[in-house]
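Colleague: I am new to this structure and would like a close look at one part of it. Please start from a single residue, then work outward and explain what the neighbouring elements do with one another.

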Amino acid sequence: MRLSLEWLAGAVDLAGLSPRELGEIVTLHAAEGGGDEEPFAGVTVGRVLRVRPHPNADKLRLVTVDHGGKEPVEVVCGAPNVAEDQRICFAPEGTLLPDGRRLERAKIRGVVSAGMVLSERELGLSEEHEGILVLPDDAPVGAPAAQVLGGAAALDVENTAITARPDLWGHYGLAREIAAVRGVPLKPLDLGDEPPSGKPAIAVEVACPDLCPRYLGWAIGGVTVAPSPDWLKRRLESVGQRPINNVVDLTNYVMLECGQPLHAFDRRQIADGRIVVRRAAAGEVVETLDGEKRTLPEGACVIADPKRAVAVAGVMGCANSEVSEDTTEIVLEVANFAMTSVRATARALGLRTESAVRFEKGLDPEGVPAAARRFLKLLRQVCPDAKPLGAPRDMRTAPEPPPTIAMAEGFVSRRLGLDVP
């Protein structure tokens with residue numbers, strides 16, 4: 001899991017800490033973590049001076065790049081979208097890429113290549129690798145790529161080490177831990193106004209409360225789907241997420257901030273304005289957001305309307321209800337699903353999503369309302385006309401009483417070496 005130090009610093013004071021020192025604090029007190037001193041180290045903005053065919057390979061081309069050095073360099077490139085006069089991200093030989101590879105001068109089909117023109121995947125920004133990343137025309141040649149990409153130092157936390165700490169699967173949760181360790185204040189999360197009271201504009205029925213202890217559905221109107229503002233894109237890209245649109249990006253943003261997954265449906269696609277959380281029928285088939293048709297495991301938890309399934313609970317939404325360019329009203333889903341159910345469904349479908357890896361750790365149902373309010377607060381920043389169409393519909397089972405843990409007298413004192421009453 002990758003966390004932005006800029007993001008963390010918005011919740012807890014990191015003054016005087018280098019990324020490496022912060023990584024050591026996290027490793028000693030919570031989970032194995034390492035800090036990057038400089039994002040995109042060694043990668044610069046380059047300008048494509050010339051593109052010509054490779055003499056020995058039809059699908060490769062020779063690209064001459066001005067990277068701000070004394071002399072332009074020539075590299076072999078297979079990207080179909082490379083063109084003259086583009087601003088691109090250039091990695092010279094010796095650069096250590098995010099995937100751990102160190103670039104070396106190489107001969108490719110008989111021609112020496114002294115570096116690489118990079119795609120988003122090679123930069124560690126996303127899985128996009130069909131072509132190179134093209135920068136704005138005014139990007140300064142020779143400048144560090146981080147200056148243009150908005151790169152910020154980041155902390156990589158080993159996921160397997162925090163299996164038992166679901167509260168650490170978001171920036172705010174880790175900031176809380178850092179604040180406790182360092183004895184400094186934790187800045188409150190801005191949740192905006194209290195949600196309106198009265199009648200909800202969406203109906204919710206939970207037919208399997210054992211698989212869904214809490215489900216909050218909230219109808220929100222006045223939405224304009226558009227590209228996200230630069231600040232939101234940079235935050236997501238800094239932790240390896242690919243921006244999609246402002247609504248989807250904010251669901252991902254709040255998940256990465258609070259650790260609580262969210263999902264947005266196009267309200268028009270929810271039949272009768274009614275959400276039904278139920279078990280999947282035998283042989284039930286859905287088309288998920290990745291365009292794949294999948295047969296659901298019998299008994300898996302699904303989100304549906306009265307006519308069809310619209311999401312695989314805790315794993316992925318369905319294509320039949322996704323937010324599109326002309327969406328003006330959404331239904332926000334913030335829920336808590338049984339971790340064993342999500343884990344079994346994700347494994348059966350072969351879908352290891354960011355949502356699933358969080359739900360399968362066992363999230364706190366008490367975090368649902370805060371995540372919903374945080375989403376609306378941020379949505380109003382990017383869509384000023386956005387407003388609730390009614391109160392949120394919050395369905396939940398009776399909360400369990402806080403557990404009491406019994407220990408033998410002296411257990412803590414013997415292990416700490418302190419006399420604890």
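Modeller: In this predicted model, R358 has a relative accessibility of 2%, so R358 counts as buried, the cut-off being under 20%. R358 sits in helix α9, which covers residues 354–359. Leaving out residues up to four places away in sequence, R358 touches M1, W169, M255, L256, G259, P261 and L363. Two of these, M255 and L256, fall within α7, which spans 246–258. That makes α7 the next element to follow.

Helix α7 packs with helix α10 (residues 368–382) at an angle of about 140°, and their axes are 10 Å apart. The two helices are therefore oblique to each other, since angles over 145 degrees would be needed to count as roughly antiparallel. The crossing of α7 and α10 is right-handed. On the α7 side, the residues that take part are N246, V247, L250, T251, Y253, V254 and E257. They meet A371, R374, F375, L378, L379 and V382 of α10.

Helix α7 also packs against the buried residues of α6. Helix α6 runs over residues 230–238, and L232, R235, L236 and S238 are buried there. Viewed down the axis of α6, these buried residues lie within an arc of 165°, so they line one face of the helix. An α-helix has 3.6 residues a turn, so residues three or four places apart point the same way. Besides α7, the buried residues of α6 pack against β1 (2–4), α1 (5–9) and β11 (154–157). After α6 comes G240, which has a positive phi, near 85°.

From α1 the path leads to A11, in the loop between α1 and α2 (19–29). A11 has 8% relative accessibility and therefore counts as buried, like R358. Apart from neighbours within four places in sequence, A11 is in contact with Y172, A175, P185, L186 and K187. A11 and H171 are 160 residues apart along the chain, and their C-alpha atoms are separated by 8.4 Å.

The strands can be read in a similar way. An open sheet of five strands, with mixed pairing, follows the order β12-β15-β18-β19-β20. At its edges stand β12 (203–206) and β20 (316–317), each with a single partner strand, so one side of each is left without a neighbour in the sheet. Inside that order, β15 (residues 274–279) and β18 (residues 301–304) run antiparallel and are joined by four bridges. V277 has I303 of β18 as its bridge partner.

Strand β3 (residues 44–54) pairs with two other strands described here. With β6 (residues 87–92), β3 pairs in the antiparallel sense over four bridges, and the bridge partner of V45 in β6 is C89. With β4 (residues 57–66), β3 is joined by seven bridges, again antiparallel. R52 stands opposite L62 of β4. The link from β3 to β4 is a hairpin through two residues. In a regular strand the side chains alternate between the two faces of the sheet.

To retrace the main route: R358 of α9 touches M255 and L256, α7 packs with α10, and the buried residues of α6 pack against both α7 and α1.

Methods. Residues numbered from 1 in each chain as written. Predicted model: local features only at pLDDT ≥ 70, side-chain atom pairs only at ≥ 80, totals over all residues. Heavy atoms only, no water. Pairing = 2+ DSSP bridges. Buried < 20%, exposed > 50% of the residue type's maximum accessible area, 1.4 Å probe, protein only. Contact = heavy atoms within 4.5 Å. Arc of directions from axis to C-beta. Axes fitted to C-alpha atoms, helices over the stretch in contact; angles between N-to-C directions. Parallel < 35°, antiparallel > 145°, perpendicular 65-115°, else oblique. Left-handed = near helix turned anticlockwise from the far one by under 90°.
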